[in-house]
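Visitor: I am new to protein models and would like to learn how to read one, feature by feature. Could you take me through this example slowly?

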Amino acid sequence: MTATLAVEQQAAVRTKQEQREYERAQVAAHYQNSPEVFSLVLDSALTYSTGIYMNADDDLETVQQRKFAYIQRLLAIQPGERVLDVGCGWGSNLLYLAAHTDGIFHGITLSSRQAEELLRRARSRGLQDRVKIEVCHVEDLALPPESVDVVLFSGSIVHMRNRADIHQMVQRILNPGGRMLISDCYFPAQIRGDRASSATDYIFYKTLGYCLLLNLHEELALIETAGLDILHVQDLTRSYARTLGAWINKIRMNREKIEALAPGFAAVLQGYMTVAQLSFARRTALEYMILATKGQPRANGGSWSMAEEGV
Amino acid sequence: MSQTVFNDDAKKPVAREDVELAVRTALADALERPVNEILPQNDLENDLGLDSMGLIQVNVAIEEQFHIPILDGESPEFALHTVEDLTAFVADKAETTRSYQEELI
């Protein structure tokens with residue numbers, strides 16, 4: 001039996017609480033590695049998701065800053081609006097949005113080290129009064145109905161199996177006119193490539209703990225069924241292949257430093273990132289950004305499209 | 001007398017025997033088998049059962065040891081068949097790579 005099938009069969013017989021605890025333990029491990037190590041691989045904001053490439057010579061800092069600005073435009077956060085960042089990581093999106101809007105931010109992560117680093121960065125920029133961070137699973141949240149204006153999942157919902165309930169929860173906690181943004185990986189609906197390969201096992205379970213890639217239409221259906229309306233879907237697959245290429249090159253440049261901090265980790269990162277890069281380059285995996293709203297969007301970001309590099 | 005190849009980045013010659021041992025060791029690690037079971041004439045896929053993930057792990061291990069990037073599109077999966085082929089590929093790569101960083105995009 002393939003690992004992918006076995007993991008999902010085991011997941012299918014767990015209770016929701018058991019699955020939550022499984023994700024809490026499995027997913028946190030990768031992100032508990034030192035932020036110093038990730039700073040040798042990622043951009044300066046420690047953005048662990050795709051940037052947006054538009055030009056042939058774009059560098060990693062440029063493409064990540066472009067994505068932050070694009071997300072800011074899509075979400076159009078108004079003064080005093082409450083933003084929940086689920087899987088906030090080291091705070092790349094959250095801290096950019098906190099610095100560029102007058103929103104109030106609540107980030108959650110499964111990794112205490114990510115939370116510590118995010119708080120350190122928030123304090124150093126004087127943003128701590130509008131930033132709250134918790135180490136918890138999204139299903140631990142007990143937020144009141146209609147208490148949040150924006151929910152962001154950037155490179156995080158892929159780690160969560162119980163998607164239907166999560167979208168229902170988002171619908172419940174959003175104020176009318178609230179927005180949800182997801183940026184994550186999907187399998188094409190057409191079967192391409194071997195999804196039960198040792199490469200899939202390496203990336204989904206051995207390296208990242210637990211991942212569940214849906215088809216885009218499945219995620220959209222769950223969002224719509226929960227009562228949210230889809231405003232915009234953007235393909236960022238080509239950008240993710242290039243982002244991964246940039247990360248791999250940084251690993252090559254910084255291999256000795258990474259090895260000194262975390263022996264063996266450079267090879268793990270390069271191995272899984274190479275698989276992912278090939279998958280996005282061959283479109284056996286796809287990267288999408290999804291924007292949804294609860295009812296009539298209260299804030300309109302204007303033009304929602306941004307073309308990737310056309311090369 | 002052994003053949004010698006050069007890796008300018010390391011500024012010292014790399015013996016062909018060292019390349020072969022490194023390739024066999026990388027394969028043994030990826031396949032979780034003893035290195036003495038990895039023979040030069042073995043076919044990577046048919047004899048050793050190396051799959052795409054194993055090949056990526058081998059590529060990364062070789063990069064780490066010889067400081068030569070094996071970039072997209074030149075992965076030996078379609079062109080090379082045996083351990084010996086892979087050794088020759090790495091030795092040639094080490095010889096022709098003038099500078100590690102020069103090849104990075």
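Guide: We shall go from confidence to folds, then to single residues and the contact between chains.

Guide: This is a predicted model, in which local features need pLDDT of at least 70 and side-chain atom pairs count only at pLDDT 80 or more, while totals for chains, interfaces and linings use all residues. Residues are numbered from 1 along each chain as its sequence is written, and chains are lettered from A and ligands numbered from 1 in the order in which they are written.

Visitor: What is the average pLDDT of chain B?

Guide: The term pLDDT stands for the predictor's confidence in each residue, on a scale from 0 to 100. Chain B averages 76, and 70% of its residues score at least 70. Among the elements of chain B, the highest mean pLDDT, 92, belongs to helix α1 (residues 16–31), and the lowest, 48, to strand β1 (residues 4–7). Over residues 1–6 of chain B the pLDDT is below 50, and this stretch has 16 contacts in the model beyond near neighbours in sequence; residues 98–105 of chain B also have a pLDDT below 50, with 17 such contacts. A contact here means that the C-beta atoms of two residues, placed from the backbone, lie within 7 Å. For the complex, the predictor gives an ipTM of 0.72 and a pTM of 0.88.

Visitor: Which pattern of helices and strands does chain B follow?

Guide: Helices (H or I, at least four residues) and strands (E, at least two) are DSSP runs, numbered from the N terminus. Chain B has three helices and two strands, and along the sequence they follow the pattern β-β-α-α-α. Among contacts in chain B between residues at least 6 apart in sequence, 62% join residues at least 24 apart.

Visitor: What is the order of the strands in the sheet of chain A?

Guide: Two strands are said to pair if DSSP finds at least two bridges between them. Chain A has an open sheet of seven strands, in the order β3-β2-β1-β4-β5-β7-β6, with mixed pairing. Strands β3 (131–135) and β6 (229–235) of chain A stand at the edges, each with a single partner strand, so one side of each has no neighbour in the sheet. From one strand to the next the twist averages 15°, where axes are lines fitted to C-alpha atoms, for helices over the stretch in contact, and angles run from 0 to 180 degrees between N-to-C directions.

Within this sheet, β1 (residues 82–86) and β2 (residues 104–109) of chain A pair in the parallel sense over five bridges, and A:Asp85 stands opposite A:Gly107 in β2(A). Helix α6 (residues 112–124) of chain A packs on the sheet, touching β2 and β3 of chain A, and its direction makes about 170° with that of β3(A). Strands β4(A) and β5(A) pair in the parallel sense over six bridges, with A:Ser154 opposite A:Ser183 in β5(A). Helix α7 (residues 163–173) of chain A lies across β4 (148–154) and β5 (174–186) of chain A, at about 150° to β5(A).

Visitor: Is B:Ala30 buried or exposed?

Guide: A residue is buried if 20 or more other C-beta atoms lie within 10 Å of its own, exposed if 12 or fewer, and partly exposed in between, with C-beta atoms placed from the backbone. B:Ala30, in helix α1 of chain B, is buried because 23 other C-beta atoms lie within 10 Å. Leaving aside neighbours within four places in sequence, B:Ala30 is in contact with B:Leu50, B:Gly54, B:Gln57 and B:Val58. Of the 105 residues of chain B, 33% count as buried, while in β5(A) ten of 13 residues are buried.

Visitor: Where does A:Ala76 lie?

Guide: A:Ala76 lies in the loop between α4 (60–75) and β1 of chain A. A:Ala76 has a positive phi of about 45° although it is not a glycine, and A:Ala76 is partly exposed, with 16 other C-beta atoms within 10 Å.

Visitor: How many residues does each chain bring to the contact?

Guide: Chain B brings twelve residues and chain A brings 14 residues. The side of chain B that touches chain A has seven nonpolar, three polar and two charged residues, where Ala, Val, Leu, Ile, Met, Phe, Trp, Tyr, Cys and Pro count as nonpolar, Asp, Glu, Lys and Arg as charged, and the others, Gly among them, as polar.
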